[in-house]
Amino acid sequence: MSYFKIHVSLAKILLKMSKKSFIAGVLFSLSTCLSAQEIRETFHFLSLPKSTHIAALGGENISILEDELGNALHNPALLSTVSNHTITLSYMNYMTGVNAGSAAYAFTSKEHLTWAFTGEFLSYGKMTQTDEQGTVLGSFSAKDILLGGLFCYDFNTRWSGGVRLDLIYAHYEQFTALAMGVNLGLNYYHEEKEVSVSLQAAHIGAELKTFDNVREKLPFDLTLGVSKDLRFIPVRLSLTMRHLTDWTSSTNQKESAGKKLLNHLIVGIDIKPIQSFYIALGYNFQRADEFSLEGNSRWAGVSCGAGLQLKRIKFGAAYAKYHPTSSSLLFNLSYTL
């Protein structure tokens, strides 16, 4: 299943609806799942980045330790590094007519325990509904919504663990679905060596209410991440390895074992000339491979971004391509009360 295929279930619903009427937006939905041979999973918007820092580092990173709440949304084990009473907002222009956003709040209740709450959405915009003769019957909207809670506990100065529980809702015209998911994260940080290692099992769960009485899986992902600060220059390197339980799916079944391994990797680099400012670059091998097969390899797999802190306020912006026909911009704003 392709990384940037945002939601195969939307295509299923629209195809089912086309038995009753022709929908002008169906071509958009079909274009998001051209390479899908089987439809086994749903709620793929869960894989989109919520943090500009994460987006700039290739779209996924579970090991960078910063006072950034958006990073903890990707791994709850990172929540302990977030300041008490922090609020963060994000907005992504995913592609034309498709927008995503999130809001989160974090607080500490005890010395070693940190909590957070988040709300996220992905709106596919308005779609025109017509009958078979082309008569406009009206319009409908499609959206995904998530409400989540996180907590993180520091076992000691090096080990921390976190849990995230999500309630996920999808509404496409008159069709709805409901699911629950859990993320389990673990982080190890060696302060003297400035190395961080994380392991996360994400999107463990199932649908509670289905679109068409066919129960589908959440996009489960077992991820391993390592980040290392270089000693004499203000640079941090990151390596993230995704889909550790899935070595069979591929954009090209004939590709070599080495190519399949690369398609599991995301590499990133942070440059921090001063403590309050960073520049980040990333490369996603799987996304680059997918775009090359789609015939659009320009900037394929490349992402970049920057962030600035002004006292209690943090700003961030990132650029990436999650679809071969358009680019995406993501913005973050955080404030510590």
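**Figure 1. Strands E1 and E2 pair in the antiparallel sense.** In this predicted model, nine bridges join E1 and E2. One point to find in this view is Leu89, which stands opposite Ala103 of E2. The two strands form a hairpin, with two residues between them. Gly97 lies in the turn of this hairpin and has a positive phi of about 85°.

**Figure 2. Strands E2 and E3 form a hairpin.** E2 also pairs with E3, again in the antiparallel sense. Eleven bridges connect E2 and E3. Two residues sit between these strands. Lys110 has Leu113, in E3, as its bridge partner.

**Figure 3. The second largest cavity holds about 110 Å³ of space.** Which residues are the closest to its centre? They are Pro49, Lys50, Ala100, Gly101 and Phe121, out of the 13 residues that line this cavity. The strands of the two hairpins return here: E1 (86-95), E2 (98-110) and E3 (113-130) each give two or more residues to the lining of the second largest cavity. Sorted by class, this lining has eight nonpolar residues, three polar residues and two charged residues.

**Figure 4. The largest cavity has a volume of about 170 Å³.** A total of 19 residues line this cavity. Leu46, Glu60, Asn183, Ala202 and His203 are the closest to the centre of the largest cavity. How do the residues of the lining divide by class? Seven are nonpolar, six are polar and six are charged.

**Figure 5. Strands E5, E7 and E8 take part in the lining of the largest cavity.** E5 covers residues 159-172, E7 covers residues 195-209 and E8 covers residues 221-229. Each of these strands supplies at least two residues of the lining. Which element gives the largest share of the lining of the largest cavity? That share comes from E7, which provides three residues.

**Figure 6. The structure holds four cavities of 30 Å³ or more.** Rolling a probe the size of a water molecule over the atoms shows where empty space is left. Two of the cavities appear in the earlier views. The largest has a volume of about 170 Å³, and the second largest contains about 110 Å³ of space. Their linings can be set side by side by class. In the largest cavity, six residues of the lining are charged, whereas the lining of the second largest cavity has two charged residues.

Definitions and conventions:
Residues numbered from 1 in each chain as written. Predicted model: local features only at pLDDT ≥ 70, side-chain atom pairs only at ≥ 80, totals over all residues. Heavy atoms only, no water. 1 Å grid on protein atoms, 1.4 Å probe; cavity = no way out; pocket = protein on both sides within 12 Å on 5 of 7 lines; lining within 4 Å. Points joined across faces, edges and corners; volume = space filled by probe spheres on them. Helix = DSSP H or I, 4+ residues; strand = E, 2+ residues; numbered from the N terminus. Nonpolar A, V, L, I, M, F, W, Y, C, P; charged D, E, K, R; others polar. Pairing = 2+ DSSP bridges.
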